[in-house]
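Please report on selected local features of this model. Keep the cut-offs beside the terms.

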Amino acid sequence: PTSAQFSVVPHSGRFRYTLDNDLLTPEQRQFYEDNGYLLIKKLVSDEDIERFRKEFTRICKREVKPPGVMIMKDESLKSQFGQSEKVVNKVQDFQEDEELFRYCTLPEVLKYVECFTGPNIMAVHTMLINKLPDSDKQTFLHPMHQDLHYFPFRPASRIVCAWTAMERAHQDNGCLVVQPGTHKTTLKPHGYPESEGKTNKLFHGLLDEDEKIPKVHLVMEKGDTVFFHPLLIHGSGINRTSGFRKSISCHFASSECHYIDVKNTTQEHLEKELEEIVRKKYNVTSVELKDIWNFRARLVQGERINL
């Protein structure tokens, strides 16, 4: 359902992180090659965003209970606000919610995704983030990290995140912060930051952040969408406003990507943590990382090959 024509072999020599296509201009391709991200203005319609917002509210109120969805909350606010969006920080793994999953199938999004993954596209990780007001405790700060830390498959250059602002995102309400060019580095060790505030489960960050690398705050309007490489170092600040900063995102990967064994790598401790969460949630005695990703991943275009 996309308009981009492509070759699955990157352009010889010049382009390493994008595939030949007739959608991206040479300047856009070069920007992604150099910086590891590409911002497309007004890509997702207001109408679609409002539909996603309504479905998020229904999930918060438990009017719908999609299988497999993980709802992350600030439990300390529950007594004050009850079961509402003022408590929920994130809805993760919404691949079984047909309304939210529409985001992952939007032709206007997929035609860009295809420029990075090729024609066989899996949605591998989905999130709707509702960044809560958080000026003091920094509970919902997401430290600088690389998304590849979470993924046991390669190659990295055939994975891309699409992240869409559901309202204006700026420095005061915790917009995305990126370190351009860091997608050319290797995967670095991650863990929980040593901070006084309560840390959300699986919100891992770099254990050794290089403060000398310049940071760019991505100010985005409603519907703007940024596509970025899984090795790009990024994070988001705290929300110092009284409002809620919503975004919806999906990591896409070529179904031709292959699984790797994370034993004896920097990703091994994450594997154990994720398996423990799944065992508790589904009351199963044993589960493998590959099984978890087989469940989370869903084909959106082309053929399911490896993932």
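The report covers a buried aspartate, a small sheet and a surface patch.

This is a predicted model, where local features need pLDDT of at least 70, side-chain atom pairs count only at pLDDT 80 or more, and totals for chains, interfaces and linings use all residues. Residues are numbered from 1 along each chain as its sequence is written, and side-chain values use heavy atoms, without hydrogens and water.

Two residues compare as follows.

| Residue | Location | Relative accessible area |
|---|---|---|
| Asp 224 | loop between strand 13 (216–217) and strand 14 (225–228) | 0%, buried |
| Tyr 282 | helix 6 (residues 268–282) | 39%, partly exposed |

Buried means under 20% relative accessible area, exposed over 50%, and partly exposed in between (1.4 Å probe, protein chains only). Helices (H or I, at least four residues) and strands (E, at least two) are DSSP runs, numbered from the N terminus.

A polar atom of the Asp 224 side chain lies 2.8 Å from the backbone nitrogen of Glu 221. Leaving out residues up to four places away in sequence, Asp 224 touches (heavy atoms within 4.5 Å) several residues, including Leu 39, Lys 41, Trp 163 and Ala 165.

Four strands form an open sheet in the order 7-15-10-13, with antiparallel pairing. Strand 7 (142–145) and strand 13 are the edges; each has a single partner strand, so one side of each lacks a neighbour in the sheet. Pairing requires at least two DSSP bridges between two strands. Strands 7 and 15 (residues 234–236) pair over two bridges. His 142 stands opposite Ser 236 in strand 15.

How values were computed: A polar contact is a pair of N or O atoms within 3.5 Å; within protein, one must be able to donate a hydrogen and the other to accept it, and residues adjacent in sequence count only if both atoms are side-chain atoms.
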